[in-house]
Amino acid sequence: QVQFVESGGGLVQPGGSLRLSCAASGLTFSKYAMNWYRQAPGKERELVGTITTTGATAIDLDSVKGRFTISRDNAKNMVYLQMNSLKPEDTAVYYCKAGLVGPWGQGTQVTVSS
């Protein structure tokens, strides 16, 4: 079955960096665009950005443009979210997903605080 497992979150000070990873299984990974989402406490889940099958990326959140980048490794069935210059408002649970395919994973918690 399709599964997404996110990792790499943690507690980081403002201005710091984190690299999130997402391991996908149960699908032909190279054939799917991958999305990163986040959900902050008390807020709806929002799309952070997308990476296509060929590696083209689009960041949807204006608040993270220039700070977050998405990459993928089709040989490893992995997608990554590099987050730099983190701000307290980036605190959220981060998820990856292949469009409407498969269930949501457990996500990985990112907390930005001094």
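**Strands, core and salt bridges of a predicted model**

Reader: Which residues of strand S7 (residues 68-73) make up its covered face?

Author: Strands are DSSP runs of E with at least two residues, and helices are runs of H or I with at least four, numbered from the N terminus. In a regular strand the side chains alternate between the two faces of the sheet. On S7 the uncovered face holds Thr69, Ser71 and Asp73. The covered face holds Phe68, Ile70 and Arg72.

Reader: What kind of model is this, and how are its residues numbered?

Author: It is a predicted model, in which local features need pLDDT of at least 70 and side-chain atom pairs count only at pLDDT 80 or more, while totals for chains, interfaces and linings use all residues. Side-chain values use heavy atoms, with hydrogens and water left out, and residues are numbered from 1 along each chain as its sequence is written.

Reader: How many bridges join S7 to strand S8 (residues 78-83)?

Author: Two strands count as paired if DSSP finds at least two bridges between them. S7 and S8 form a hairpin with 4 residues between them, and Asn77 in the turn has a positive phi of about 55 degrees. Asp73 stands opposite Met78 in S8, and Arg72 has Val79 as its bridge partner. The two strands run antiparallel, and the number of bridges joining them is 6.

Reader: Which strands are at the edges of the open sheet that contains S7 and S8?

Author: This sheet has 4 strands in the order S1-S3-S8-S7, with antiparallel pairing. An edge strand here pairs on one side only, and the two that do so are strand S1 (3-7) and S7.

Reader: By what angle are neighbouring strands of this sheet turned against each other on average?

Author: Axes are lines fitted to C-alpha atoms, for helices over the stretch in contact, and angles run from 0 to 180 degrees between N-to-C directions. For this sheet the direction is ignored, and the average is 20 degrees.

Reader: Which strand gives the largest share of the largest nonpolar core?

Author: A nonpolar core is a set of buried (under 20% relative accessible area, against over 50% for exposed and in between for partly exposed, with a 1.4 Å probe and protein chains only) Ala, Val, Leu, Ile, Met, Phe, Trp, Tyr and Cys residues joined through side-chain atoms within 4.5 Å. The largest one has 29 residues, and those with the most contacts inside it include Phe4, Trp36 and Val79. Among the elements giving two or more residues to this core are strand S3 (18-25), S7 and S8. The largest share, 4 residues, comes from S3.

Reader: Which residues of S7 does Val79 contact?

Author: Contact means heavy atoms within 4.5 Å. Leaving aside neighbours within four places in sequence, Val79 is in contact with residues including Leu20, Met34, Trp36 and Cys96. Its list of contacts also includes Ile70, Ser71 and Arg72.

Reader: How many residues of strand S4 (34-39) are buried?

Author: S4 is joined to strand S5 (46-51) by 5 bridges in the antiparallel sense, with Met34 having Ile51 as its bridge partner. S4 also pairs antiparallel with S9 over 5 bridges, where Gln39 stands opposite Val93. S4 is largely enclosed by the rest of the structure, because the buried residues among its 6 number 5.

Reader: Which residue has a positive phi in the hairpin of S4 and S5?

Author: This hairpin has 6 residues between the strands. The phi is near 75 degrees, and the residue that takes it is Gly42.

Reader: Which residues are joined with Arg38 into one salt-bridge network?

Author: A salt bridge is a side-chain nitrogen of Lys or Arg within 4 Å of a carboxyl oxygen of Asp or Glu. Arg38 meets Glu46 at 2.9 Å, N to O, and forms another salt bridge with Asp90 at 3.0 Å. Asp90 is in the loop between S8 and S9, 52 residues from Arg38. The network joins Arg38 with Glu46, Arg67 and Asp90.

Reader: Is Arg38 buried or exposed?

Author: Its partner Glu46 has a relative accessible area of 30%, so Glu46 is partly exposed. Arg38 has a relative accessibility of 6%, so it counts as buried.

Reader: What separates the C-alpha atoms of Val12 and Val112?

Author: Val12 is in strand S2 (residues 10-12) and counts as buried because its relative accessibility is 12%. Val12 touches Val112, as well as others including Leu18 and Leu86. The two valines are 100 residues apart along the chain, and their C-alpha atoms are separated by 5.0 Å.
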